[in-house]
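Here is a short round of questions and answers on a two-chain model. Keep the structure open as you read.

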Amino acid sequence: MAKKLTTFLFVLLSLIVNCRLTEKWHTSTILVFDTVCEIEIFCSPSKFKSAQKEINQIFSEIDVHFSPGSEDYSSSIVLNLFQRALEVYHNSKGSFDITVASLSRLWGFLDKSSHVPAPHDIQSALEYIGMEKIEEENGTLILPPAMKLDWGGIAKGFGIDLASQALIEIGIARGFINAGGDLYCWGKNPDHQPWNIGIKHPRRSGFLGVLSISHLGAATTGDYQRYFEANGVRYHHVFNPRTGYPAQSKQSVTVIGPETLLCDALSTALFVSQNPEEILEKYPDYGAIIVDSDGNLLSLGKAYPFRSME
Amino acid sequence: MDRRDFFKTMLATPLLAPLLLASKTTKNDCELYLIADDPQLFIPFLLKELQKFAVPYGRNFTLLNSHPMEKDLKQILFQTGWRYAQKPLQADLCFSFSRLRHKALPSFTLVRDGRIWDIRFQKLDSLWREMKKNRKLSSCLTIASFKKTRLDLQAGKYVSIYKDGRRIERVSLDEYFARSFNTLRGKITARVKDGKAWVSESSCRQKICIYSPPVSLAGERIICAPNHFLLEIQGTHTIDTVIG
């Protein structure tokens, strides 16, 4: 009996040791939310397969509910994210607003027909903007006719939070998920240091600086990601919901904090707002690295380790 | 900041020339010169404002020589989340003290890379005016030196090209390279010349990849999502990934 137990323990121990020994860094890139998503995690090959499955499942679900054109207004995942978006809408005094979809359409950002619309068309589009116009009845969002939702400023961060949480729950202790400009990183990097995250410079090649963080999310909103130029003016895709025109006072805003969802939404809110400090006062765990329209670098809110390259 | 006032005060000391020279040559990012007998009253506000300019990087401070207000200064820094570092090398912020030969009005100045930093448009300006208005003459000069926080990233050595998540090409940045790749959504052309890599043609709709400036630093990348295409510079680097 004792011999059997010893053999069993030996086999069990070998399995555990073997599993630990086969742990290594895995990287993969997948296409989600219309962008390339990079994943780097430290685990065994079998766990990597489970991780990929988890990530694909979560991102597919996010895609189904929140991609442009989706008219799901009643599933629990949508209602849940709507509440989170509404909270940022109120805290930012409307600078973050998921009802700006009609502006993106009007300015031609959705179908490659980019142009500066006539002022009266912009005024008409503003009538369909404002999250306070949406009501919730019997577990369904009721939108005014012609209003559309644009989840682009929050759903990616939400998906990254869900995916990274799922990976942590299956025992992956180190890694990052980076979907375009939104990221969550946890544990230590391959050099056993915090993760070094380069922030792209909004106007030239190279980096603005490097964040050294762990167990944190980060997201960037910039005027350089999607834009067109007309008569020497740059028109980009981040709209001020009050004016109907692209927000003009900043080149890029990166927000760092515990939830990527909030980093995502706050980066848009701070980009649009004339008073970003006031918004960050409501989010004491969040900090921002901002490049204003003159190219000046500012850091607001909670300070996270950041080395500038300016 | 009124430069004349600053120079008038500093010229009254033997410190100006060596300090400006030092700020050009040392590994400090920025130096704060504060004339005040009670520096602990102003330091927390000044540090908070400086943080907006991404200065400093860490939260460790030290004192390089004995300071008449050492106890109060340490106490206020502890209260605002700073930690004391025994060794100057571990500190992100080093305080030193000098006694002015002639008493001067309380004021402060910031010097970065050997140049006086203009603070007229910031909140710092109102503090400066207030200090000058309400305070009696002081003889205590506190210098706060912030360790350099800027990074010098190296140029990369290779460019790796990924399609559908798999690396399909690795080219030295010293080479001349131009190749088109067929993708699920069409075609994309990558080029390498004079140590830089870029995307010159793409069948994608938004053309973000083409508008991206050429990349050369280790860790930099250009992504074309519709073509599921990634071009990344490789070399000795400290960047794990890039956002923005």
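Q: Is A:Lys93 buried or exposed?
A: This is a predicted model. The relative accessibility of A:Lys93 is 56%. The cut-off for exposed is over 50%. So A:Lys93 counts as exposed.

Q: Which residue forms a salt bridge with A:Lys93?
A: A salt bridge needs a Lys or Arg nitrogen within 4 Å of a carboxyl oxygen of Asp or Glu. For A:Lys93, the closest N and O atoms of the pair are 2.9 Å apart. The partner is A:Glu278.

Q: How many residues apart in sequence are the parts that A:Lys93 and A:Glu278 tie together?
A: A:Lys93 sits in the loop between helix H3 (76–91) and helix H4 (101–106) of chain A. A:Glu278 belongs to helix H8 (residues 276–280) of chain A. The pair therefore ties together parts separated in sequence by 185 residues.

Q: How does A:Glu278 count by relative accessibility: buried, exposed or partly exposed?
A: Its value is 30%. Buried means under 20% and exposed means over 50%, with partly exposed in between. A:Glu278 therefore counts as partly exposed.

Q: Which residue meets A:Asp223 in a salt bridge?
A: A:Asp223 lies in the loop between strand E9 (216–222) and strand E10 (227–230) of chain A. At 5% relative accessibility, A:Asp223 counts as buried. Its side chain meets the partner at 3.8 Å, N to O. That partner is A:Arg234.

Q: Which residue in the turn between E10(A) and E11(A) has a positive phi?
A: Four bridges join E10(A) to E11(A), and the strands run antiparallel. They form a hairpin with two residues between them. The phi in question is about 50°. The residue is A:Asn231.

Q: Which side chains of E10(A) point to one face and are buried?
A: Side chains alternate along E10(A). A:Tyr227 and A:Glu229 point to the other face and are not buried. A:Phe228 has A:Tyr235 as its bridge partner in E11(A). The buried side chains are A:Phe228 and A:Ala230.

Q: Which residue of chain A meets B:Arg221 in a salt bridge?
A: The count between chain B and chain A is one salt bridge. Its N to O distance is 2.4 Å. B:Arg221 is buried, and so is its partner. The partner is A:Glu38.

Q: At what relative accessibility does A:Glu38 count as buried?
A: A:Glu38 lies in strand E2 (residues 35–43) of chain A. Leaving aside neighbours within four places in sequence, its contacts include A:Phe176, A:Ile177, B:Arg221 and B:Thr241. Buried means under 20% relative accessible area. A:Glu38 therefore counts as buried, at 12%.

Q: Which residue is linked with A:Glu38 and B:Arg221 in a network of salt bridges?
A: Side chains of opposite charge can pair when their charged atoms come close. A:Glu38 and B:Arg221 supply a pair across the chains. The network also takes in B:Glu232.

Q: What area is buried between chain B and chain A?
A: The size of an interface is often given as the accessible area lost when the parts come together. Here the contact takes 35 residues from chain B and 51 residues from chain A. Carbon and sulfur atoms give 59% of the buried area. The total is about 3,700 Å².

Q: How many residue pairs are in polar contact between chain B and chain A?
A: One polar contact, at 2.4 Å, joins the side chains of A:Glu38 and B:Arg221. With both residues at pLDDT 80 or more, the count between the chains is 12.

Q: Which residue in E15(B) stands opposite A:Ile199?
A: Strand E7 (residues 195–200) of chain A is joined to E15(B) by three bridges. The two strands run parallel. Opposite A:Ile199 stands B:Ile243.

Q: Which residue in the turn between E11(B) and E12(B) has a positive phi?
A: Six bridges join strand E11 (residues 186–193) to strand E12 (residues 196–202) of chain B, which run antiparallel. B:Lys193 stands opposite B:Lys196. The hairpin has two residues between its strands, and the phi is about 50°. The residue is B:Asp194.

Definitions and conventions
Residues numbered from 1 in each chain as written. Chains lettered and ligands numbered in written order. Predicted model: local features only at pLDDT ≥ 70, side-chain atom pairs only at ≥ 80, totals over all residues. Heavy atoms only, no water. Contact = heavy atoms within 4.5 Å. Buried area = accessible area lost by both parts, 1.4 Å probe. Polar contact = N/O pair within 3.5 Å; in protein donor to acceptor, adjacent residues only side chain to side chain. Pairing = 2+ DSSP bridges. Buried < 20%, exposed > 50% of the residue type's maximum accessible area, 1.4 Å probe, protein only.
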